[in-house]
Amino acid sequence: MAPQVDALYFFLVALTAFFTLLISGLVVYFAIKYRRRSKDEAGVPIHGNLRLEITWTVIPLIIVLFIFGWSAKLFFTMARPPADTLDVYVVGKQWMWKFQHPDGHAEVNELHVPVGTSVKLTMTSQDVIHDVYIPDFRVKADVLPGRYTHMWFKATKPGRYRLFCAEYCGTNHSGMVGWVVVQERAEYQKWLAGGAGTGTMAQTGEKLFKDLSCITCHREDTTGRGPTLIGLYGKAVTLDDGNSVEADEAYLRESIVNPRAKMVSGFQPIMPTFQGLVSEEGLLQLIEYIKSLRTAPSNATGAPAAPAAAPATPEKK
Amino acid sequence: MDTATAPTQTNYINVAHTAKSWLLTRDHKRIALLYLISVSVFFMIGGLFALLIRLELLTPAGDLFEAETYNKVFTMHGVAMVFFFLIPAIPATLGNFLVPLMIGAKDLAFPRINLLSWYVYVLGGLFTLAAVIGGGVDTGWTFYTPYSTAASNTHVILTGLGVFISGFSSILTGFNFIVTIHKMRAPGMTWFRLPLFVWASYATSLIAILGTPVVAIAIVLVALERTLHIGVFDPTLGGDPVLYQHLFWFYSHPAVYVMVLPAMGVISELIAAFTRKEIFGYKFVAFSSLAIAVIGFFVWGHHMYVSSQSAFAGLVFSFLTYLVAVPSAVKVFNWTATLYRGSISYQAPMLYAFGFLGLFLIGGLTGLFLGALGLDVHVHDTYFVVAHFHYVMVGGTIMAYLGGLHYWWPKMTGRLYNEGWAKFAALMIFVGFNLTFFPQFLLGYMGMPRRYHMYPEEWQVLNVLSTAGATILGVGYFIPTIYLLWSLKKGEVAGDNPWGATGLEWQTQSPPVTENFPVTPVVTEPAYAYAHQEKRFA
């Protein structure tokens with residue numbers, strides 16, 4: 001993305017330089033040429049010129065609309081991640097970044113990604129608004145409490161790249177920094193293979209699902225008091241008010257922390273809120289688990305005990 | 001009228017000397033001076049905080065202050081400068097002094113409300129100062145939620161109250177100006193004979209009365225959420241943190257035009273006076289102020305491209321942002337064209353106007369970078385933004401404010417300032433300003449986020465340059481304080497019209513009498529009719 005952003009940037013730098021030189025050149029030229037030569041001299045009265053006014057209204061208008069079109073096109077490429085991405089989950093809190101990979105790897109203030117791969121971050125905050133900013137990739141997105149935001153990038157060169165928090169978040173805001181470590185694929189695989197033998201996010205999510213007794217109502221068949229979650233992710237859900245909503249991450253999150261916000265048609269509002277009972281990481285693990293329930297009943301079994309690196313136990317506030 | 005007005009002549013300053021005569025005055029000119037003193041105090045406070053920021057950033061490590069102290073310093077810099085200096089500076093001092101004079105009125109329509117607005121401003125200022133003295137506030141001048149409502153343990157409410165209260169002062173002044181401009185123009189002073197500063201003040205007043213209530217409500221909601229935990233912005237209470245940003249920028253973007261439109265009005269007056277020429281395309285310049293005021297209300301979302309706002313909302317806001325760029329460009333072209341075949345003199349106010357043109361040009365053009373959706377993602381919340389808005393607000397507003405203050409100083413005080421020192425200070429401010437803020441564009445594009453107490457070492461050189469510039473700038477701002485005060489006692493007596501300018505304010509004595517004109521003037525010609533009155537210059 002960086003080369004496209006830079007292309008627009010340098011175009012605008014050239015445009016700025018051109019107009020700055022043009023106007024300051026004219027100002028200096030006029031200021032010298034028409035300097036006051038005697039104390040009682042007055043300027044030549046010139047009322048204005050409609051044709052000139054139209055010219056210098058229309059030309060800037062065309063230029064700015066051109067910039068608008070260019071930048072909007074770029075923005076939509078940035079806003080829409082490609083279909084096939086490597087997903088990483090991000091939780092920001094005062095003043096650190098926690099990254100979770102679907103395979104269960106968790107890191108703090110460091111994010112390992114393979115080169116040449118589109119990486120999609122799904123991000124949320126545990127407290128105030130933060131912002132993931134990786135200047136070298138020219139990407140930035142706010143990280144908000146209570147909702148998920150997304151961002152994607154594709155690193156083209158291995159190396160270490162700075163990551164900053166770009167939304168002011170309190171005392172140690174300027175210390176909420178980290179590194180994106182871009183590795184060759186082989187090296188990245190080696191990194192993945194190393195580390196604690198933790199369960200995948202989906203496995204940890206499944207354990208949470210049982211620990212929190214979600215499984216009592218959300219069953220694999222349709223006999224539960226709550227709707228089944230098999231094959232739910234990405235589907236349209238009909239609500240009791242007749243509207244329909246896509247079961248995306250935001251919907252799943254909302255349905256866990258605020259179950260009555262969107263009631264599924266045909267079910268009673270009996271689910272209690274889990275706000276404060278599940279950490280942001282836990283929510284992401286639950287979502288990753290629900291995502292994994294694509295068609296058949298889950299056959300993931302015997303998830304190992306929750307690893308220390310990825311807090312999976314419900315957080316008591 | 002005799003041009004060598006004796007200083008002993010009765011005028012609005014020497015008409016009474018008691019403290020009560022000042023504190024209970026209803027004279028718009030005296031109130032303007034009260035404002036001049038109080039906004040200058042806040043400018044010095046804000047400037048002092050700026051200096052502390054630049055000192056801390058001299059080194060990459062956060063070694064001068066604790067992180068929390070630094071955060072309070074930049075917050076107080078922003079709050080003092082934006083709410084207590086930039087917003088009131090031109091309208092409340094120059095505007096208060098000039099609007100009635102320029103339209104040939106005896107005073108503003110509601111003199112008591114005008115005085116009230118000053119007291120309200122001072123009260124708001126005292127609340128904010130109390131917050132500073134009591135330990136400060138660390139939310140940034142933007143008070144973003146949920147940090148301000150749920151996390152910060154500093155004096156958010158006290159500061160917020162200060163801002164809330166001072167907002168009423170803007171509303172009262174705006175309302176006063178609108179009524180005055182509608183109802184109190186002298187005979188013959190038609191709308192299209194109004195000086196462009198009056199048009200700009202009118203447009204500014206519209207924004208102030210329509211926008212300020214919104215930010216006031218937003219601040220009240222922040223206070224209520226902090227104290228009573230009603231859930232408006234905090235998601236753990238069921239609120240929406242982005243809602244705050246909408247409410248805040250709905251006012252605070254137009255507020256940028258509250259700062260810069262009057263500055264543009266001043267520049268029109270300066271260029272006309274020092275080219276002795278009418279402003280090229282008067283009506284285009286006048287209407288562009290209104291266009292900016294109106295479109296300016298619909299661009300707030302460009303502060304929120306990366307806030308999780310929908311991409312389509314971003315699209316609309318970007319489009320409107322580009323539209324609002326056009327009237328500003330039109331003004332710059334018209335000012336430049338006014339120079340053509342003028343009789344241009346380089347006195348200090350005109351140097352400030354030249355400085356304004358250069359800095360506002362860069363400030364405006366770099367706005368195109370930030371309005372660009374795909375590019376703003378990278379530079380948003382970096383030093384690029386910091387540099388951009390300082391070019392507009394400091395390079396634009398303060399250059400114009402100082403230019404205007406010098407230009408009307410002889411009218412306000414009856415004395416001339418020292419021209420040599422004034423030119424020197426103008427030059428120093430221009431150089432210091434560019435050295436301070438130009439490196440920040442580079443830092444921003446390299447990725448330095450704003451509001452950072454510490455930063456990576458590779459950015460030190462540019463930060464040192466910026467601090468060096470700020471030092472020059474600081475001295476540049478200090479010099480006028482000295483020679484302007486000095487001129488009050490020792491300055492040459494100015495006479496009624498030292499510049500040979502048109503405009504009703506130059507037709508009455510300097511300083512004017514209490515009700516401005518001995519006889520209500522009758523206007524028979526358009527503004528800036530220099531060609532008809534060469535005889536006046538001699």
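Buried means under 20% relative accessible area, exposed over 50%, and partly exposed in between, using a 1.4 Å probe and protein chains only. The legends below describe a predicted model, in which local features need pLDDT of at least 70 and side-chain atom pairs count only at pLDDT 80 or more, while totals for chains, interfaces and linings use all residues. Residues are numbered from 1 along each chain as its sequence is written, chains are lettered from A and ligands numbered from 1 in the order in which they are written, and side-chain values use heavy atoms, leaving out hydrogens and water.

**View 1. A salt bridge within helix α4 of chain A.** Here Lys207(A) meets Asp211(A), with the closest N and O atoms 2.9 Å apart; a salt bridge is a side-chain nitrogen of Lys or Arg within 4 Å of a carboxyl oxygen of Asp or Glu. The two residues are 4 apart in the helix (residues 201-211), about one turn. Helices (H or I, at least four residues) and strands (E, at least two) are DSSP runs, numbered from the N terminus. Asp211(A) is partly exposed at 45% relative accessibility, and Lys207(A) is partly exposed at 31%.

**View 2. A salt bridge between two helices of chain A.** Glu280(A) and Arg253(A) bring their closest N and O atoms to 2.6 Å. Glu280(A) belongs to α7 (residues 280-292) and Arg253(A) to α6 (residues 249-257), so the pair ties together parts 27 residues apart in sequence. Glu280(A) is buried, with a relative accessible area of 10%, and Arg253(A) is buried too, with 8%.

**View 3. A salt bridge between two loops of chain B.** Take a look at Arg450(B) and Asp381(B), whose side chains meet at 3.7 Å, N to O. Arg450(B) sits in the loop between α14 (419-446) and α15 (460-490), and Asp381(B) in the loop between α12 (373-379) and α13 (383-413), 69 residues apart. Arg450(B) is buried at 13% relative accessible area, and Asp381(B) is buried at 10%.

**View 4. An open sheet of 5 strands in chain A.** The order is β3-β2-β1-β5-β8, with mixed pairing; two strands pair if DSSP finds at least two bridges between them. At the edges stand β3 (106-108) and β8 (149-154), each pairing on one side only. Strand β2 (residues 96-100) joins β3(A) in the antiparallel sense over 3 bridges, and Phe99(A) stands opposite Glu107(A) in β3(A).
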